[in-house]
Amino acid sequence: MLYREAGDFKTTYTGDSQTFPIRLDRWGYYLILAVAALLVPLIINDYWLNAVMLPLLIYAIAALGLNILTGYCGQVSLGTGGFMAVGAYACYKLMTAFPDINIAIHIVISGFITAAVGMLFGLPSLRIKGFYLAVATLAAQFFLVWLFNRVPWFYNYSASGQISAPERTLMGFRITGPETQAWAVYLFCLVFVVASAWICRNLTRGSMGRKWMAIRDMDIAAEIIGVNPLRAKLSAFGISSFFVGISGALFFAVYLGAVEVGEVFGINKSFLVLFMVIIGGLGSILGSFLGAAFMVLMPVLLKNVLVGGLGWPTDLAAHLEFMIVGGLIVFFLIVEPHGLAQLWRITKEKLRLWPFPH
Amino acid sequence: MKKILTTLALGATLAAGPALAELTFPSLSYRTGPYAANGIPFADGYADYFAMLNARDGGIGGERVNLIECETGYNTEKGVECYEATKGEGALLYQPLSTGITYQLIPRVSADGIPMHTLGYGRTSASNGKVFPWVFNYPATYWDGASVAIKYLLDENGGSLEGKKIALVYHNSAYGKEPIRTLSELATEHGFELIELPVDHPGQEQKSQWLQIRRERPDNVLMWGWGVMNQVAVQEAANIRYPMDQFIGIWWSGSENDVKPAGDGADGYKALNFHAVGSDFELYDDLEEHVWSQGNAAGAGDQGGTVLYNRGLYAAMIAAEAARKAQEIHGVSAITPAQMRDGLEQLEMTEESMAELGLAGFGPTFSASCENHGGSGKAAINQWNAGEGRWEVLTDYIQSDQELIARLVEEDSMAYAQENNIELACQ
């Protein structure tokens with residue numbers, strides 16, 4: 001009753017194949033976009049930016065990237081942290097080498113560099129599958145972190161081995177460095193998130209996405225119907241790494257400002273992004289956002305409730321946080337193995353029939 | 001959520017009576033994760049000292065101290081979250097107890113105008129107050145530590161380290177890499193060979209590093225470790241029967257937690273320290289009377305007298321004394337972060353002032369100035385006595401090579417100033 005498609009007729013093919021064919025969905029999408037772009041910048045402060053919005057937006061891009069590779073193309077990757085590090089270090093080298101060039105361009109170029117590296121490490125996927133590929137990408141993770149720690153050129157020979165983002169502006173507004181304004185940084189990241197999601201959505205419903213999904217569902221069958229596995233797999237690696245690289249560059253330049261590769265881009269990060277994709281829903285754009293939101297917001301919310309609200313000791317709260325988040329992950333995966341996105345899909349199906357299911 | 005809760009809490013206090021101005025000190029602690037063994041005693045000491053001040057004197061200069069604890073897990077992302085969550089509540093001073101988080105916060109505190117004190121950790125070149133007006137790292141820095149260790153070894157070896165091999169086992173992070181620059185300078189100066197052995201976070205796996213030590217047989221091993229890495233390193237050294245008295249840790253690798261797991265094998269292990277050990281101070285009577293016996297001890301309350309508990313006390317004591325100094329300078333009791341900075345900058349620690357606080361002979365004497373935020377750079381060598389289960393102080397405070405360190409600090413901080421277009425203060 002509240003959510004229905006009766007009377008929503010399509011008279012053109014384009015109208016029928018649009019991203020949100022149901023009118024209510026479309027309105028919801030425009031509403032969320034309007035709130036995110038127009039309302040949030042007015043009320044955002046430093047705490048909400050740095051503790052909630054920035055990690056949420058940036059992890060969403062990383063999850064989108066990994067979802068293309070793992071969710072759509074079926075290639076398990078544990079190298080996300082390493083590829084984010086490539087994006088971060090590429091961005092750092094570009095920012096320091098070409099200080100006059102626009103920061104947004106640097107971030108996009110970092111994405112392309114990461115795409116090249118990702119395709120290189122994706123080559124083994126042509127021969128090996130499943131767990132074995134996961135191990136090969138794990139090697140990429142460790143190799144890349146080791147490389148950025150080992151070769152001083154990557155961190156411009158700084159004494160501490162850290163990279164730190166110099167101040168850069170976009171149209172006169174500071175985007176990186178300490179003296180930024182919350183709304184400018186937020187909008188900057190939001191543009192990248194919306195653009196990434198838009199590109200991902202349209203890639204995955206086009207011929208390229210269909211090829212990826214064919215490879216995912218059964219690679220031999222896909223080959224027989226004329227999908228070139230070399231192209232499909234490498235394009236998935238490249239495009240996935242492109243988004244992961246952008247998220248890594250944003251993570252370093254905009255969010256943290258200073259990065260130590262072993263700590264920030266370690267194996268934990270790879271698992272975190274993989275969990276986001278699995279919990280959110282493999283092969284779903286919405287799932288990437290839901291997964292990122294779950295993994296970023298849940299700990300912050302629990303911490304604020306337990307420590308700020310109930311006044312519990314911080315260590316007890318931190319331990320409980322692990323248990324609750326872990327328990328919720330198990331719970332959600334038992335209730336809906338296909339992730340939060342599937343949960344939303346089922347809810348929608350039910351809502352369309354409600355209150356007369358028969 | 002946070003906002004609502006804060007507003008509610010604020011509303012409740014306002015309703016309860018006249019508004020009390022408070023001095024807010026956030027404690028970015030870590031009681032969980034691979035570094036918890038070292039984070040807990042420090043956080044307990046920090047909290048107990050302020051609890052004692054509140055109970056005994058009613059705070060500092062009549063203002064109660066409001067300690068906000070925030071768990072970082074030694075993780076930089078959580079550290080940033082903690083910083084953003086607490087800075088709005090009028091935080092006067094940050095002490096993150098993590099070099100990684102310090103690097104994150106240096107630009108942020110400088111932009112927000114909140115002082116940060118990194119007690120013997122953090123960025124060494126921040127001791128140049130001209131470039132880093134908001135950051136303090138007295139009484140000693142990592143480069144002081146490296147210099148003191150080498151000076152001690154020079155002493156032990158009759159004044160020459162020519163042809164010796166010295167290995168550095170370090171946490172592969174900003175923290176562990178910090179001393180390399182000084183040590184390599186000293187290596188060329190004194191003619192010893194420096195072997196660098198990085199250990200990756202969290203440091204539970206060090207077999208290959210110690211195998212290399214067994215093969216290369218360095219005359220001495222220095223260690224820049226933290227958390228579980230320390231325990232593993234001491235255990236591994238004992239396993240390969242490396243002579244423990246040739247093994248020297250920085251002050252962050254010299255607590256009871258680091259040596260006890262290795263049992264008798266750790267006997268003779270040395271570590272630097274810039275404050276006294278044990279609980280033989282008058283202050284401990286006050287702690288007992290006002291905090292512990294009241295059941296208000298932070299954490300499990302079992303850390304009293306340990307090295308890192310004492311360091312937590314020391315950190316809190318410096319914060320409290322700086323706040324007192326700031327109140328004195330500005331003649332107000334409810335100080336602002338900017339006034340707190342003045343207090344830190346004019347802080348002077350003398351034997352008398354420490355004795356007055358019930359901490360006679362607790363740390364080295366030093367005085368800060370606008371240019372010098374790094375203190376006097378003195379540290380002593382302690383040695384672990386496994387039989388009696390305590391640290392023994394081997395030497396007096398040794399003065400580091402100030403000339404060399406001043407030169408290195410100048411180089412590094414000026415490079416930072418240039419990179420970030422910082423106008424020099426103190427002109």
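**Architecture of a predicted two-chain model**

In chain A, 76% of the contacts with a separation of 6 or more are made by residues 24 or more positions apart. The model is predicted. Chain A holds 15 helices and four strands. Its C-alpha trace spans about 70 × 55 × 45 Å along the principal axes. The radius of gyration of chain A is 21 Å, which agrees with the value near 21 Å for a compact globule of 358 residues. Of these 358 residues, 46% count as buried.

The UniProt record, an unreviewed entry, places the feature "transmembrane region" at several spans of chain A. These are residues 27-44, 50-69, 101-123, 130-148, 183-200, 236-259, 271-296 and 316-335. Two of the spans were examined individually. Residues 27-44 of chain A are 94% helix and 0% strand. The end C-alpha atoms of residues 27-44 lie 24 Å apart. Residues 130-148 of chain A are 100% helix and 0% strand. Here the end C-alpha atoms are 28 Å apart.

Chain B comprises 15 helices and 14 strands. Its radius of gyration is 21 Å, close to the 22 Å given by the globule rule for 427 residues, so chain B is as compact as a globular protein of that length. The C-alpha trace of chain B spans about 70 × 50 × 45 Å along its principal axes. Of the 427 residues of chain B, 57% count as buried. Among contacts in chain B between residues at least 6 apart in sequence, those joining residues at least 24 apart make up 71%.

An unreviewed UniProt entry places the feature "domain: Leucine-binding protein" at residues 25-387 of chain B. This stretch is 42% helix and 15% strand. Its end C-alpha atoms are 39 Å apart.

The domain assignment divides chain B into two parts, each built from two segments. Domain 1 takes in 22-140 + 278-375. Domain 2 takes in 142-276 + 380-406. The C-alpha centres of domain 1 and domain 2 of chain B lie 26 Å apart. Across the boundary, 23 residues of domain 1 are in contact with 24 residues of domain 2. On the domain 1 side, helix 2 (36-57), helix 4 and helix 12 (307-330) of chain B each supply at least two residues. Helix 12 of chain B gives the largest share of that side, five residues. The residues of the domain 1 side comprise twelve nonpolar, ten polar and one charged.

The two chains also meet. The interface joins 34 residues of chain B to 31 residues of chain A. Several elements of chain B each contribute at least two residues to the side that touches chain A. They are helix 1 (2-16), strand 2 (64-71), helix 3 (76-87), helix 4 (99-112), helix 6 (174-177) and helix 15 (402-419). Helix 4 of chain B gives the most, with seven residues. The side of chain B that touches chain A divides into 13 charged, twelve polar and nine nonpolar residues. Helix 4 of chain B thus appears on the side facing chain A and on the side of domain 1 that touches domain 2.

Helix 5 of chain B covers residues 142-156. From its first C-alpha to its last, this 15-residue helix reaches 21 Å, close to the 21 Å expected at 1.5 Å a residue. The helix is mostly covered, with eleven of its 15 residues buried. The buried set begins with a run: B:Tyr142, B:Trp143, B:Asp144, B:Gly145, B:Ala146, B:Ser147, B:Val148, B:Ala149 and B:Ile150. B:Tyr152 and B:Leu153 are also buried. B:Gly158 follows helix 5 of chain B and has a positive phi, near 65 degrees.

A second glycine of chain B was examined in its surroundings. B:Gly120 sits in the loop between strand 3 (116-117) and strand 4 (135-136) of chain B. B:Gly120 counts as buried because 24 other C-beta atoms lie within 10 Å, against a cut-off of 20 or more. Leaving aside residues up to four places away in sequence, B:Gly120 touches B:Ala140, B:Trp251 and B:Phe274. B:Phe136 is 16 residues from B:Gly120 in sequence. Their C-alpha atoms are 9.5 Å apart in space.

Definitions and conventions:
Residues numbered from 1 in each chain as written. Chains lettered and ligands numbered in written order. Predicted model: local features only at pLDDT ≥ 70, side-chain atom pairs only at ≥ 80, totals over all residues. Rg over C-alpha atoms; globule rule 2.2 N^0.38 Å. Buried ≥ 20, exposed ≤ 12 C-beta atoms within 10 Å, placed from the backbone. Contact = placed C-beta atoms within 7 Å. Nonpolar A, V, L, I, M, F, W, Y, C, P; charged D, E, K, R; others polar. Expected span 1.5 Å × (residues − 1). UniProt positions renumbered as here; feature names shortened; annotations may be inferred. Domains from an automatic or database assignment.
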